[in-house]
Amino acid sequence: MRNHLFAPKKEIPRKVYVLAGVVVFLVFLAIWSALTYGGVVNPLFLPPPDKIVRTAIALFSDGEIFSDIGISFTRVFLGFVAAAVIAVPLGTLMGTLRIAEGAFEPFIGFIRYMPASAFIPLFILWLGLDETEKMAVIFFGTFFQMTLMVMDVTKNVQNDLIEVSYTLGARRSQIFYKVILPASLPGIVDTLRITFGWAWTYLVVAEIVGAANGLGYMIMQSSRFLKPDKIIVGILIIGLLGLITDIIFKAIYRASFTWMRREGA
Amino acid sequence: METAKLVIDQVGKVFSTKSGETVALDKTSFEIKEGEFITILGPSGCGKSTLLRIVAGLEEPSSGRVRLDGREIHGPGPDRGMVFQSYTLYPWLTVEDNIAFGLQLKGVSKAERLEVARHYLELIGLAGFEKHYPIQLSGGMKQRVAIARALANDPEILLMDEPFGALDAQTRAIMQEILLKVWEESKKTILFITHDVEEAVFLGDTVYVMTARPGRLKKSIPVTLPRPREYSVKNSAAFFELKMELLELIREESLKVVKP
C-alpha cells in the first residue's frame, strides 16, 4: 500500500488524494502564520490570516464590494461575449475551409503575440475612458487565442466522419451543420471555459488605467493606501469568481453532452 | 445496354509525391453483377482501398471511369453506401438517429425514418439498442450499426473497406455471419475489401486477388461453396482448398513487399 503512493501513474485511494491537497493548503497557511504572527515580516506588507478574514467580512457587510464585483463581472462578461460571438463562427469557418484558414490564420497568429496591455494607450485614444475601452482590453486579450483554439477543435473532426457523411448523401452545407458543428461543440464549449478564465486575468489590466470602480480599481487603490489586506481580498474574490464560472461551464458541459458518458443520460 | 451493376473500366490512380509519381493502382477493369458479393483480397498497400474510394467517389481516378447502372459516377453519393474500417458513427446521435441519418438528410419524416431504422436494427440483431449512444456499444456493435446506417439509405451497392479489420477474431467471425444474413435478406450488391484470406472466401461469390504495389488484378477465383453459408463451411475440404490456393497467391505478393 505505502509503496503504491510513489509508483508512477498508479491509482491511489480517493481519501489520500484529497488529503494531499488539503495538506498543501495547510502547509501554506502554516508558513503564512509563522511569518506573520512570528513577526518575521512587517504586517504593513503582509497581514496575518485573521486580518484578511476580518477585512473580507467588513468589505462584504459594508456592501460596496458588491457593486465593484457587479461592474467587473459585467466588463469581463461583455468583453468575453463580444469575443466569442465573432471567434466561434470565425474559428469554425477557419477549421472547415482551408481558404479561410489560409486567409486569417497568419494575421491572427501575428496579432496574438502583441500584448493586450500595450494596446491600452491606443484604446484610450480611440475609445476614451468609458466601458467600451475596458471591454476592448478583455476582447483583445481573449479573441485571437479563442479563434485559433476553436479552429483547432474544428480541424480535429475525424476525416472519416466527413467522408462517410458524403456517402450518406450529405451536401457541403449539411457537412458543416450536421457533422462538423455538432462534432466540435464539446470542444468549443471547453474552449469558452478556458478563455473565460483568461478574460478574468485581463480584468485587472483593464481596470488599472482610467477606471473609477471595479475590483481591479479597488486593488490599485489599496496599494496606493498601503492596504495589503484589501489587495489580497480583491485577488481572492477574482479567483473565486473565476472558479465559479469554471464550475458553471463544466456543469453546462456535463448536462449538454451526455453522449460522451458511457453510463448514458 | 450493360448487364453489369458496376463497371470498373481501366481505372488507375497515380499519386504525385516529392520523389516523383507513385502508381497506387494500375489500370484495373472488372464488372460486378446485380446482387453479387465480391471480395477483393490484397496485401497491405496494394491500392485496394484506393480502388474502393474511387468507386465511392471520395477520390478521382487518374485514368478510366466507373459506371454504376450505366451512369458514370462523379463524386460521392447516397447510391453507394460505405462502411469504413474505423468507427464512423456520429457519437452525438443515438443508434436509431445514426441509422436514420441519411434519410434525415433526404428530408424523410421522423416517423418514417425511425420505422426504417427499427427495421434495420432488427436485421443486424440490435433491437432494443435504439436509444443507446455509440460510446455505449462494443466495436462489433458499432460496425453493425454502421452497416445498418448504410443500408437504411437503400443504396445500389454497398462498399466495405475492411470493416471488421479492427475487431478481434471471434467477433469478426460472428460479424461475417451476420453480414451474410443481411446480404441474403437485402439482396444488395456488395464490394468488400479485406486482407484476410478466410474472410474473402467465406463471404464472396468471387474473390479478386490483387498484386502488390502497383496494385493490379492478379486473378479472379470463383467461390463455388453453397449458399447460404454457415461457419461450419470453413471446415469443409472445398473451403480449405480455396484457402490454400489464395494463401499461395497472396503470399507471393506479400513477399514482394517484404523483400523487394
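Helix α8 (residues 172-208) of chain A packs against helix α9 of chain A at an angle of about 65 degrees, and their axes lie 7 Å apart. Axes here are lines fitted to C-alpha atoms, for helices over the stretch in contact, and angles run from 0 to 180 degrees between N-to-C directions. Helices (H or I, at least four residues) and strands (E, at least two) are DSSP runs, numbered from the N terminus.

This is a predicted model, in which local features need pLDDT of at least 70 and side-chain atom pairs count only at pLDDT 80 or more, while totals for chains, interfaces and linings use all residues. Residues are numbered from 1 along each chain as its sequence is written, and chains are lettered from A and ligands numbered from 1 in the order in which they are written.

**Chain A**

The crossing of α8(A) past α9(A) is right-handed; a crossing is left-handed if the near helix is turned anticlockwise from the far one by less than a right angle, and right-handed if clockwise. On the α8(A) side the contact includes A:L203 and A:I208, and on the α9(A) side it includes A:L215 and A:M220. Two residues are in contact if their C-beta atoms, placed from the backbone, lie within 7 Å. The contact of α8(A) with α9(A) divides into 8 nonpolar, 1 polar and 1 charged residues. In this division Ala, Val, Leu, Ile, Met, Phe, Trp, Tyr, Cys and Pro count as nonpolar, Asp, Glu, Lys and Arg as charged, and the others, Gly among them, as polar.

After α9(A) comes a loop that leads to α10 (228-256) of chain A, and A:L226 is found in it. A:L226 is not a glycine, yet has a positive phi of about 50 degrees.

Chain A has a mean pLDDT of 93, with 98% of its residues at 70 or more; pLDDT is the predictor's confidence in each residue, from 0 to 100. Among the elements of chain A, α9 (residues 215-224) has the lowest mean pLDDT, 91, and α7 (residues 159-167) the highest, 97.

**The sheets of chain B**

One open sheet of chain B has 6 strands in the order β6-β7-β8-β3-β9-β10, with mixed pairing. Two strands pair if DSSP finds at least two bridges between them. β6 (80-83) and β10 (217-222) of chain B stand at the edges with a single partner strand each, so one side of each lacks a neighbour in the sheet. On average, neighbouring strands of this sheet are turned by 20 degrees against each other, direction ignored. Within it, β3(B) and β9(B) run parallel, and B:I40 stands opposite B:Y208 in β9(B). Helix α8 (residues 237-258) of chain B packs on this sheet and touches β3, β9 and β10 of chain B, its direction making about 180 degrees with that of β10(B).

The loop between β10 and α8 of chain B holds B:P228. A cis peptide bond joins B:R227 to B:P228, with omega about -10 degrees.

A second open sheet has 4 strands in the order β2-β1-β4-β5 (chain B), with antiparallel pairing. Its edges are β2 (20-32) and β5 (71-72) of chain B, each with a single partner strand, so one side of each is left without a neighbour in the sheet. β1(B) and β2(B) form a hairpin with 2 residues between them. The table lists strand pairs of chain B from the two sheets.

| Strand pair | Direction | Bridges |
|---|---|---|
| β1 (residues 6-17) of chain B and β2(B) | antiparallel | 9 bridges |
| β3 (residues 37-41) and β9 (residues 206-210) of chain B | parallel | 4 bridges |
| β4 (residues 63-68) of chain B and β5(B) | antiparallel | 2 bridges |

In the hairpin, B:L6 stands opposite B:I32 in β2(B). B:R67 has B:E72 in β5(B) as its bridge partner.

**A helix pair in chain B**

Helices α5 (residues 139-152) and α6 (residues 169-186) of chain B pack at an angle of about 20 degrees, with their axes 10 Å apart. That angle makes α5(B) roughly parallel to α6(B); angles under 35 degrees count as roughly parallel, over 145 as roughly antiparallel, 65 to 115 as roughly perpendicular and the rest as oblique. α5(B) passes α6(B) in a right-handed crossing. By class, their contact has 7 nonpolar, 5 polar and 1 charged residues.

**Where the chains meet**

Contacts between the chains involve 21 residues of chain B and 15 residues of chain A. On the side of chain B that touches chain A, the elements giving two or more residues are β6 and α3 (101-106) of chain B. α3(B) gives the most to that side, with 4 residues. The residues of that side of chain B divide into 12 nonpolar, 7 polar and 2 charged.
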